[in-house]
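Here is a set of short exercises to work through with the model open on your screen. Try each task first, then read the solution.

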Amino acid sequence: MTDHAPPAPSAQAAPERLRRAITGPLLFAFILGDVLGAGIYALMGVLSEEVGGMLWAPLLLALLLALLTAGSYAELVTKYPRAGGASVFAERAFRSPVVSFLVGFSMLAAGVTSAAGLALAFAGDYFATFIDLPAAPVAIVFLAIVAALNARGIRESMGANLVMTAIELSGLVIVIVVAAMFFTGGGGDASRLTQAPEGTPVALAVLGGAVIAYYSFVGFETSANMIEEVKEPSRTYPRALFGALFTAGAVYVLVGIASSVTLPASELQESSGPLLAVVEASGVSIPSWLFSLIALIAVANGALLTMIMVSRLTYGMAEQRLLPAALGRVLPNRRTPWVAILTTTLVAMGLTLVGDLATLAETVVLLLLVVFLSVNVSVLVLRRERVDHEHFRIWTVVPVLGIGSCILLLTQQRGEVWLFGGILLAVGVVLYLVARWARRGRPTDTASADHRTTTDPTTRDTTEEPHEHA
């Protein structure tokens, strides 16, 4: 699904400030590691409250909903390969700096809040299995270590992600294998796979579960902010994106089946570590500390990938002049955005001191749904624009269905979460107005804007694209 056009001189001459060091396998591992994350290790218990033993159904539906928006990302990321992700797309589609800022700020708020939650999760019960220390100091030190690895270089960060993704994936494979051994040995009950909660229509139960399960697939969007560091992005990005999502979806569905067959829904709901309960129920001798270690690695990996995303997004928004220019400063040798890394890390450290992380986690989903809605609309708006390089193109029906899926999931959010999200966006508006006021009267702004326009690798004409390839 690509458009073909000879590269224009402007695309070839465009300066690159970030090092293109991410290959296809590294990008696949990045997306897979970010999607898998730590949520699946606690998800089965929560899901079983919604769908009983039909754990596989909401996971499968959530995968299909996530693939809709992923198709829009694949087209826009390869069409406009710049750090900044959704805010870049919104700027081009809606021609409004305010809308572009709010979309980017929604991503920033969701990412930093998610990283703070992951830091607290790292410092909680899993960490206490080895050393019992206060959560807040451990979370702050943890974020500092993540920032140091992030600042050292993208290749080093991606290398660490490769190892951690393999480890967290191995934990899920262990669950699947021991459950299969248990079932083939005469244990478990496959009839639970079709058992829904009493008094709730199956369709509504699966939809309610899909809202929860959707959070498990969140993370693929962070890869949009790495595109300036990806080799051969038009070819590499779609393959890595869809490959990672299908792999994660297959693993999730198998874990859901394994959990349901091994334990009844009531026992899964009672456990704060449902996958550990599944392994213990199988009778296979695997020490409990091993799963705690795997969970810690999963959390650490999620935090690293999230902080890589928010720092690159901050850098991209600074390049767009939506945030102060200082946030776009890059280390001369490492070529990593050190000011953006430092700033976002300090904010995440501050958020670790905020309570009620459950509401914050739901707010992350709400903010990302707003971003996803913007991305799906942007695909349709920008179909009239041509660029001077090859890029992926999805069927038109996909972003249309993506818009519908985002609206459907938004209607399932609580009023309290809408209020909290509205407050965060209001803070974003204030920050934007302050940044705009600070830029007033600077003659270099216009020159800088002109320079960015002439050197933008996505320079285009506005002739309508005549064909849709599939």
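## Exercise 1: A greasy spot on the surface

F130 sits in the loop that runs between α7 (125–128) and α8 (135–152). Keep in mind that this is a predicted model.

**Task.** Find which residues make the nonpolar surface patch with F130, and decide how exposed F130 is.

**Solution.**
- Step 1: Select F130, I131, L133, W289 and L293; they make a nonpolar surface patch of about 480 Å².
- Step 2: Check the accessibility of F130, which is 42%. Buried would need under 20% and exposed over 50%, so F130 counts as partly exposed.

## Exercise 2: The chain as a whole

**Task.** How many helices and strands are there, and what share of the residues is buried?

**Solution.**
- Step 1: The protein chain has 19 helices and 4 strands.
- Step 2: Of its 470 residues, 54% are buried.
- Step 3: Now look at the surface: the accessible area is about 19000 Å², and carbon and sulfur atoms hold 67% of it.
- Step 4: Take the contacts with a separation of 6 or more; 86% of them come from residues 24 or more positions apart.

## Exercise 3: Following F220 into the core

**Task.** Work out what F220 packs against and which ring it is stacked with.

**Solution.**
- Step 1: Start with burial. F220 has 1% relative accessibility, so it counts as buried.
- Step 2: List the contacts, skipping neighbours within four places in sequence: I31, V35, A66, T69, A70, Y73, Y237, L241, L245 and F372.
- Step 3: Put that in the setting of the core. The largest nonpolar core has 135 residues, and F220 is one of those that touch the most other members, together with I31, M44, Y73 and L245. Helix α14 (residues 288–319) gives this core its largest share, 17 residues.
- Step 4: Turn to the rings. The count of aromatic pairs is 10. In one of them, F220 and F372 are stacked, at 5.5 Å centre to centre with 25° between the planes. F220 belongs to the loop between α10 (202–217) and α11 (233–262) and F372 to helix α16 (residues 357–381), so this pair ties together parts 152 residues apart in sequence.
- Step 5: Check the partner too: F372 is buried, at 0% relative accessible area.
- Step 6: Compare another pair. F242 and F392 are tilted, with 5.8 Å between centres and 45° between planes. Since F242 is in helix α11 and F392 in strand β3 (residues 391–392), the pair ties together parts 150 residues apart in sequence. Both F242 and F392 are buried.
- Step 7: Finish with the cluster: Y73, F89, Y214, F220 and F372 form one aromatic cluster.

## Exercise 4: Helix α5 and the residue after it

**Task.** Is helix α5 mostly covered or uncovered, and what is the sign of phi at R95, which follows it?

**Solution.**
- Step 1: Count along α5 (residues 86–94): 7 of its 9 residues are buried, so "mostly covered" is the right call.
- Step 2: Name them: A86, S87, V88, F89, A90, R92 and A93.
- Step 3: Step on to R95, where phi is positive, about 50°, although R95 is not a glycine. Most residues other than glycine have a negative phi.
- Step 4: Place R95 in the loop between α5 and α6 (97–122); its relative accessible area is 52%, so it is exposed.

## Exercise 5: Salt bridges, covered and uncovered

**Task.** How many salt bridges does the whole structure have, and which partner does R95 meet in one?

**Solution.**
- Step 1: The search finds 4 salt bridges.
- Step 2: R95 meets E385, at 2.8 Å from N to O. R95 is in the loop between α5 and α6 and E385 in the loop between α16 and β2, 290 residues apart.
- Step 3: E385 has 6% relative accessibility and counts as buried, whereas R95 is exposed.
- Step 4: Another bridge joins R383 and E75, also listed at 2.8 Å, N to O. R383 lies in the loop between α16 and β2 (386–387) and E75 in helix α4, so the pair ties together parts 308 residues apart in sequence.
- Step 5: Here R383 is buried at 9%, and E75 is buried at 1%.
- Step 6: For a contrast, take R235 and E232, whose closest N and O atoms are 3.1 Å apart. R235 is partly exposed at 41%, and E232 is exposed at 51%.

Definitions and conventions. Residues numbered from 1 in each chain as written. Predicted model: local features only at pLDDT ≥ 70, side-chain atom pairs only at ≥ 80, totals over all residues. Heavy atoms only, no water. Patch = residues over 30% accessible without salt bridge, like charges linked within 9 Å, V, L, I, M, F, W, Y side chains within 5 Å. Areas by Shrake-Rupley, 256 points an atom, 1.4 Å probe, with all protein chains shown as cover. Salt bridge = Lys/Arg side-chain N within 4 Å of Asp/Glu carboxyl O. Helix = DSSP H or I, 4+ residues; strand = E, 2+ residues; numbered from the N terminus. Buried < 20%, exposed > 50% of the residue type's maximum accessible area, 1.4 Å probe, protein only. Contact = heavy atoms within 4.5 Å. Phe/Tyr/Trp six-rings, centres within 6.5 Å; stacked < 30°, edge-to-face > 60°. Core = buried A, V, L, I, M, F, W, Y, C linked by side-chain atoms within 4.5 Å.
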